[in-house]
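Let's take a walk through a structure together, one helix at a time. Keep the picture open while you read.

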Amino acid sequence: VISGGSKNTLTAATEAAVVGLAMTGDDRAFEELVRRRQGAIRKLMLQLCGDRVLADDYAQEAFVLAWRKIHALRSPAAFGGWLKRIAINIHLQHVRRTDLAAPTDDEPAAHPATGSGNPAARMDLESALARLSSGERLCVALSYGQGMSHGEICEATKLPLGTVKSHISRGCARLRRYLSAYEEQRE
Amino acid sequence: MNSDFDMDLKGMFAEMPEPGDGERFVEKTGARIARRRFGRRLLGIVLVILTVLLIAASILRPTGLNAYLIGWPQTVAIRISTAALSPAGMAVGGWLGLLVFVKLRLFGRGFALKN
């Protein structure tokens with residue numbers, strides 16, 4: 001295990017060593033962990049909430065919570081999964097007021113990016129995801145973006161298995177429709 | 001068809017670019033942690049000071065002639081302590097304490113999503 005925590009030493013160290021050091025309260029080690037994991041966590045948050053500013057805010061909140069709780073981490077090797085669970089839980093805390101289990105209308109209000117009538121409107125996966133309901137976006141992102149099984153999604157979100165399956169099925173169908181409509185428009 | 005789309009979707013998720021400017025994010029997160037740490041330390045200090053003051057006031061509370069000479073509002077103090085130690089006072093105090101406990105999240109908050 002490294003000690004002292006100079007920036008170069010930390011950059012070269014394995015993640016398990018850096019996590020071990022952060023667990024002892026080393027701030028530089030935790031900063032290095034934030035540097036290493038920020039891309040993945042921000043991307044996950046963006047997939048979950050569909051808003052870049054909000055995603056960064058939630059990602060910061062996840063890292064702050066991780067900083068508070070890191071001493072309770074059982075094994076440094078589990079850090080990645082543990083941080084991801086914290087991030088998902090932070091997102092769930094913020095959408096708790098809305099009903100994640102509720103199905104949505106087939107055609108929601110037009111997204112600002114596509115509803116303006118501008119043919120050059122950008123429509124990629126990010127904006128297509130933003131058009132899904134919270135529950136659909138959550139389940140699709142965890143399933144396709146994080147490679148989680150239906151059971152793992154149930155466990156992480158506490159949603160019933162049937163709801164998870166229907167969210168994924170409906171979410172995928174809608175994504176497919178939005179993305180193919182965009183492809184046709186572009187051609 | 002569906003499995004083709006599934007594969008495409010997985011690929012699109014994997015290719016989704018990570019948000020840029022990581023250093024700025026690290027700085028902002030560091031600042032947020034520093035603020036949180038300062039807040040918790042400040043809260044700890046305030047709680048310690050309040051506890052010390054409370055204990056000191058309960059031990060050193062002047063009574064009798066001393067209280068009369070320095071103008072200590074004994075009647076008011078007695079009324080306040082009586083109210084605080086009554087079941088109703090304890091209930092109100094407990095409710096306020098619970099509110100502070102939950103709002104400040106001193107011991108974390110459950111994450112389970114009830115559905």
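Let's jump straight in with two neighbours: α2(A) passes α3(A) in a left-handed crossing. The residues of this contact divide into seven nonpolar, no polar and four charged. Before going on, remember that you are looking at a predicted model.

**The two chains**

Chain A has 10 helices and zero strands, so to speak a run of α-α-α-α-α-α-α-α-α-α along the sequence. Of its 187 residues, 49% count as buried. Take the contacts in chain A with a separation of 6 or more: residues 24 or more positions apart account for 60% of them.

Chain B has five helices and zero strands, and its elements run α-α-α-α-α from the N terminus on. Buried residues make up 13% of the 115 residues in chain B.

**How the helices of chain A pack**

Two packed helices are described by the angle between their axes and the distance between the axes. Here are three pairs from chain A:

| Helix pair | Angle between axes | Axis distance |
|---|---|---|
| α2(A) and α3(A) | about 135° | 8 Å |
| α4(A) and α5(A) | about 125° | 9 Å |
| α3(A) and α8(A) | roughly 140° | within 7 Å |

Start with the pair from the opening. Helix α2 of chain A covers residues 15-23, and helix α3 of chain A covers residues 27-49. With their angle of about 135°, α2(A) and α3(A) are oblique to each other. Who touches whom? On the α2(A) side you'll find A:Glu15, A:Val18, A:Val19, A:Leu21 and A:Ala22, and they meet A:Ala29, A:Phe30, A:Glu32, A:Leu33, A:Arg36 and A:Arg37 of α3(A).

Next comes α4(A), residues 52-69, against α5(A), residues 79-95. Their angle of about 125° makes α4(A) oblique to α5(A). Is the crossing of α4(A) and α5(A) left-handed or right-handed? It's right-handed. From α4(A), the residues in this contact are A:Tyr58, A:Glu61, A:Ala62, A:Phe63, A:Leu65, A:Ala66 and A:Lys69; from α5(A), they are A:Trp82, A:Leu83, A:Ile86, A:Ala87, A:Ile90, A:His91 and A:His94. Sort the residues of this contact and you get 10 nonpolar, two polar and two charged.

The third pair brings α3(A) back, this time with α8(A). The axes of α3(A) and α8(A) cross at roughly 140°, which makes this pair oblique. The α3(A) side of the contact is A:Leu44, A:Gln47, A:Leu48 and A:Cys49, while α8(A) brings A:Arg137, A:Leu138, A:Ala141, A:Leu142 and A:Gly145. That contact divides into six nonpolar residues, two polar and one charged.

**A helix tucked inside**

Stay with α8(A) for a moment. How many of the 12 residues of helix α8 (residues 134-145) of chain A are buried? The count is 10, so α8(A) is largely enclosed by the rest of the structure. Among the buried residues are A:Leu138, A:Ala141 and A:Leu142, which also take part in the contact with α3(A). A:Arg137 is buried too, and so are A:Glu136 and A:Tyr144. Just after α8(A), A:Gly147 has a positive phi of about 70°.

**Where the chains meet**

Now look at A:Gln38, which is found in α3(A). Is A:Gln38 buried or exposed? Its relative accessibility is 11%, so A:Gln38 counts as buried; the cut-off for buried is under 20%. The side chain of A:Gln38 makes a polar contact of 2.7 Å with the side chain of A:Arg42. Leaving out residues up to four places away in sequence, A:Gln38 touches A:Phe63 in its own chain, plus B:Gly22, B:Phe25 and B:Val26 across in chain B.

Chain B has a residue reaching the other way. B:Glu18 lies in the loop between α1 (2-15) and α2 (22-60) of chain B. At 49% relative accessibility, B:Glu18 counts as partly exposed. Setting aside neighbours within four places in sequence, B:Glu18 is in contact with A:Gly39, A:Ala40 and A:Lys43.

**One last stop**

Finish in the loop between α9 (150-157) and α10 (161-186) of chain A, where A:Lys158 lies. Phi of A:Lys158 is near 65°, a positive value in a residue other than glycine. With 43% relative accessibility, A:Lys158 counts as partly exposed.

Key. Residues are numbered from 1 along each chain as its sequence is written. Chains are lettered from A and ligands numbered from 1 in the order in which they are written. This is a predicted model: local features need pLDDT of at least 70, side-chain atom pairs count only at pLDDT 80 or more; totals for chains, interfaces and linings use all residues. Side-chain values use heavy atoms; hydrogens and water are left out. Helices (H or I, at least four residues) and strands (E, at least two) are DSSP runs, numbered from the N terminus. Buried means under 20% relative accessible area, exposed over 50%, partly exposed in between (1.4 Å probe, protein chains only). A polar contact is a pair of N or O atoms within 3.5 Å; within protein, one must be able to donate a hydrogen and the other to accept it, and residues adjacent in sequence count only if both atoms are side-chain atoms. Contact means heavy atoms within 4.5 Å. Axes are lines fitted to C-alpha atoms, for helices over the stretch in contact, and angles run from 0 to 180 degrees between N-to-C directions. Angles under 35 degrees count as roughly parallel, over 145 as roughly antiparallel, 65 to 115 as roughly perpendicular and the rest as oblique. A crossing is left-handed if the near helix is turned anticlockwise from the far one by less than a right angle, and right-handed if clockwise. Ala, Val, Leu, Ile, Met, Phe, Trp, Tyr, Cys and Pro count as nonpolar, Asp, Glu, Lys and Arg as charged, and the others, Gly among them, as polar.
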